[in-house]
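Student: Could we work through this model together, going from the packing of its interior to the arrangement of its strands and helices?

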Amino acid sequence: MANSPCSVKSYRTVIIGVDDSCFSEYAFNFYLDHVRKEGDNIVLVHVPEFHGVIQAPAVLTDPGVVNELLKEEEIRTRDLVHKYSEKMKQFGLGGKMKQMTGKVGESIIEVSKTEKADLIIVGTRGMSKVRRTFLGSVSDYCVHHAHVPVLVCKHKEFDAQHDRVHHHHHHR
């Protein structure tokens with residue numbers, strides 16, 4: 001393709017939503033195995049968990065508890081950023097990591113607009129049942145609000161296993 005100033009950009013910008021769960025790791029690996037193209041520009045979007053905690057109804061009124069949570073989250077975030085930076089290097093991926101505040105789904109959509117994304121990749125079940133009812137499902141939100149394709153990485157082994165485990169408990 002001729003690289004004249006008016007040619008369409010030849011690389012894609014791919015947004016991947018990450019947290020410290022195995023689900024976002026699965027989504028990242030799925031990207032590597034099935035989606036990756038030479039020259040992709042990756043933007044990892046991370047929204048630290050404690051913002052959700054603080055927005056939750058005032059169950060946490062003890063400042064000491066809140067501070068502990070914030071400290072833990074800072075360490076978790078640092079580890080996460082480190083882990084994914086290493087992965088990016090290891091696989092020779094170009095891109096960056098963006099840390100956002102607020103709701104996960106909204107943050108991912110916001111970044112997809114500012115970065116002019118071509119594709120959004122998210123995992124599912126990356127949050128507890130409680131948080132899901134608080135915040136709604138991130139993948140649902142992205143599918144409804146995105147202006148570009150959204151790839152929701154369902155984890156088939158886990159989903160099957162999860163259903164079996166639950167099934168099992170009902171029959172005790």
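**Core, sheet and helices**

Tutor: In this predicted model, the largest nonpolar core holds 18 residues, of which Ile 16, Phe 28, Tyr 31, Ile 42, Leu 44 and Ile 121 touch the most other members. At least two residues of this core come from each of β1 (13–17), α1 (22–35), β2 (41–46), α3 (63–90) and β4 (119–123).

Student: Which element gives the largest share of this core?

Tutor: Several helices and strands each supply at least two residues of the core, α1 and α3 among them. The largest share amounts to 6 residues, and the element that it comes from is α1.

Student: In what order do the 5 strands of the open sheet lie?

Tutor: The pairing in this open sheet is parallel. Its edge strands, each of which pairs on one side only, are β3 (94–99) and β5 (150–153). Read across the sheet, the order is β3-β2-β1-β4-β5.

Student: Which residue of β4 is the bridge partner of Ile 16?

Tutor: The strands β1 and β4 pair in the parallel sense, over 3 bridges. Ile 16 and its partner in β4 also both appear among the core residues that touch the most other members. That bridge partner is Ile 121.

Student: What angle does the direction of α3 make with that of β3?

Tutor: Helix α3 packs on the sheet, where it touches β2 and β3. Among the residues of α3 that are buried are Leu 80, Tyr 84 and Met 88, and Met 88 is one of the residues that Ile 42 touches. The direction of α3, compared with that of β3, makes an angle of about 170°.

Student: How far apart are the end C-alpha atoms of α3, and what span should its 28 residues have?

Tutor: The expected span follows from a rise of 1.5 Å a residue, which for the 28 residues of α3 gives 40 Å. The separation of the end C-alpha atoms agrees with this expectation, so both values are 40 Å.

Student: Is Thr 124 buried or exposed?

Tutor: Thr 124 lies in the loop between β4 and α5 (129–135). Leaving aside neighbours within four places in sequence, its contacts are Phe 23, Ser 139, Val 152, Cys 153 and Lys 154; the C-alpha atoms of Thr 124 and Cys 153 are separated by 6.4 Å, although the two residues are 29 residues apart along the chain. Because its relative accessibility is 7%, and the cut-off is under 20%, Thr 124 counts as buried.

Notes: Residues are numbered from 1 along each chain as its sequence is written. This is a predicted model: local features need pLDDT of at least 70, side-chain atom pairs count only at pLDDT 80 or more; totals for chains, interfaces and linings use all residues. Side-chain values use heavy atoms; hydrogens and water are left out. A nonpolar core is a set of buried Ala, Val, Leu, Ile, Met, Phe, Trp, Tyr and Cys residues joined through side-chain atoms within 4.5 Å. Buried means under 20% relative accessible area, exposed over 50%, partly exposed in between (1.4 Å probe, protein chains only). Helices (H or I, at least four residues) and strands (E, at least two) are DSSP runs, numbered from the N terminus. Contact means heavy atoms within 4.5 Å. The expected span of a helix is 1.5 Å times one less than its number of residues. Two strands pair if DSSP finds at least two bridges between them. Axes are lines fitted to C-alpha atoms, for helices over the stretch in contact, and angles run from 0 to 180 degrees between N-to-C directions.
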